[in-house]
Amino acid sequence: MTKSLAPAVIFHLIILAIEFSAGVVTNGYIVALNCIDWGKSRTQTSYNKIITSLAFSRFCLQFLVIGNVLSKVYPNIFDRFETLQPRLVIWMFINQVSLCFASCLSVFYCVKIATFNQSLFSWLKLRLSKLVPWLLLGSMLYCLVTTVAFTLFSYSYWVFSHNSTDCVSTNGTISDNKDNLLEFTFLIHNIGSIFPLIVFIVSSVLLIISLWRHIRKMNLNSDFNPSFRNPSTDAHVHALKSVVSFFIIYNIYYVASTFSIGNLSYFNDELKIMVCTSIAAVYPSVHSIILILGNPKLKLASTKILHSANSCFGEVTS
């Protein structure tokens, strides 16, 4: 039997439910539409491979929100090591995969759009379509290694601590084991995420610099020749805004998801952890909406679906 929930917890659960629904719908839509197109044409572009993989990882990540909900409703069951450790293992793997795929998308944008004269960029542009599957596979293997390492070390620590409880009370031991497991999760999460984070930041900054230089050059041409107006200026400005927004929400998600683990002594307030969890849960749906609005095919299909839904709703209510 569960204890009564505080109003703040109830409000937090409502927010998580809304974020869960939005994430499942948006990411499921991207995966379903791209898989249908792949089934029809038997081919997929490099970009579609990346966003489909990214959307699928985020789709799976949304279901871990249910674990957060259950841990609030049934803390005595879902905060035990036997249930907490497998949940953290699954979360770490899917979260790491999502971060790595997002880094792959940033690298794809950078190589495809950025205009640098270095030979490395020219080489990557020519081989990008062949490198994308290897990038995705390498990301999966990298995340698998970090997750397996976390699983082995955390289980070994639990066995060691379980066999060293002679002079410690059972409740104190359970609490200490949970805190130590969360601290270990925080450590491995940071170590495993630092590489995709660096790749994402470097590629995003390079792309932002390239777009900013290109837009400034086009604006200078317009100033010197008022009759000259490059139609691609607006497209580049839109691309710059999209990249900057991606950069901001990615880093916000990384910080929020890290602190949502709730293991730090100076960050162990329940309200702060709930705020971080809510912020972290926004990212998978918000960025997917940005991807849909920035992709003509996805945007057109979503418009048709909404139009059909409005028509059906109008017929039912009339």
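Is Arg42 buried or exposed? Arg42 counts as exposed, at 65% relative accessibility; here buried means under 20% relative accessible area, exposed over 50%, and partly exposed in between, with a 1.4 Å probe and protein chains only. Here are some notes to read alongside the model.

1. **Ground rules.** Please keep in mind that this is a predicted model, where local features need pLDDT of at least 70, side-chain atom pairs count only at pLDDT 80 or more, and totals for chains, interfaces and linings use all residues. Residues are numbered from 1 along each chain as its sequence is written, and side-chain values use heavy atoms, with hydrogens and water left out.

2. **Overall build.** The protein chain has 10 helices and zero strands, and its elements run α-α-α-α-α-α-α-α-α-α from the N terminus on. Helices (H or I, at least four residues) and strands (E, at least two) are DSSP runs, numbered from the N terminus. Of the 318 residues of the protein chain, 41% count as buried. Contacts, meaning heavy atoms within 4.5 Å, often reach across the sequence: among those between residues at least 6 apart, 81% join residues at least 24 apart.

3. **The loop with Arg42.** Back to the opening residue: Arg42 sits in the loop between H1 and H2. Arg42 is not a glycine, yet its phi is positive, at about 65 degrees. For context, most residues other than glycine have a negative phi.

4. **H1 against H2.** On either side of that loop, H1 and helix H2 (residues 46–62) pack at an angle of about 150 degrees, with their axes 8 Å apart. The axes are lines fitted to C-alpha atoms, for helices over the stretch in contact, and angles run from 0 to 180 degrees between N-to-C directions. H1 passes H2 in a left-handed crossing, a label used if the near helix is turned anticlockwise from the far one by less than a right angle, with right-handed used if clockwise.

5. **Who meets whom in that contact.** From H1, the contact residues include Glu19, Phe20, Gly23 and Val24; from H2, they include Asn48, Ile51, Arg58 and Phe59. The residues of the contact of H1 with H2 divide into eight nonpolar, seven polar and two charged. In this count Ala, Val, Leu, Ile, Met, Phe, Trp, Tyr, Cys and Pro are nonpolar, Asp, Glu, Lys and Arg are charged, and the others, Gly among them, are polar.

6. **One salt bridge.** The structure holds one salt bridge, defined as a side-chain nitrogen of Lys or Arg within 4 Å of a carboxyl oxygen of Asp or Glu. The side chains of Asp37 and Lys297 form it, at 3.0 Å from N to O. Asp37 lies in helix H1 (residues 7–41) and Lys297 in helix H10, so the pair ties together parts that are 260 residues apart in sequence. Asp37 is partly exposed at 22% relative accessibility, and Lys297 is partly exposed at 31%.

7. **Elsewhere on H10.** Ser302 is found in helix H10 (residues 296–317) and counts as buried at 17% relative accessibility. Setting aside residues up to four places away in sequence, Ser302 touches Tyr29 and Ile292.

8. **Cysteines without a bond.** How many disulfides does a search of the whole structure find? The search finds zero, with a disulfide taken as a pair of cysteine sulfur atoms within 2.5 Å. Cys143 is in no disulfide, and the nearest cysteine sulfur, that of Cys100, is 3.6 Å away. Cys143 is buried at 0% relative accessibility, and Cys110 is buried at 4%.

9. **H7 and H8.** Leu240, in helix H8 (residues 232–259), is buried with a relative accessible area of 17%. Not counting residues up to four places away, Leu240 touches Ile208, Leu211 and Ile215. The C-alpha atoms of Leu240 and Ile215 are separated by 9.2 Å, with their positions 25 residues apart along the chain. Val205, found in helix H7 (residues 170–224), is partly exposed at 35% relative accessibility. Its C-alpha atom is 9.0 Å from that of Val244, 39 residues apart along the chain.

10. **Val89 on H5.** Val89 lies in helix H5 (residues 81–113) and is buried at 15% relative accessibility. Leaving aside neighbours within four places in sequence, Val89 is in contact with Thr147, Phe150 and Thr151. Val89 and Thr146 are 57 residues apart in sequence and 10.0 Å apart in space, C-alpha to C-alpha.
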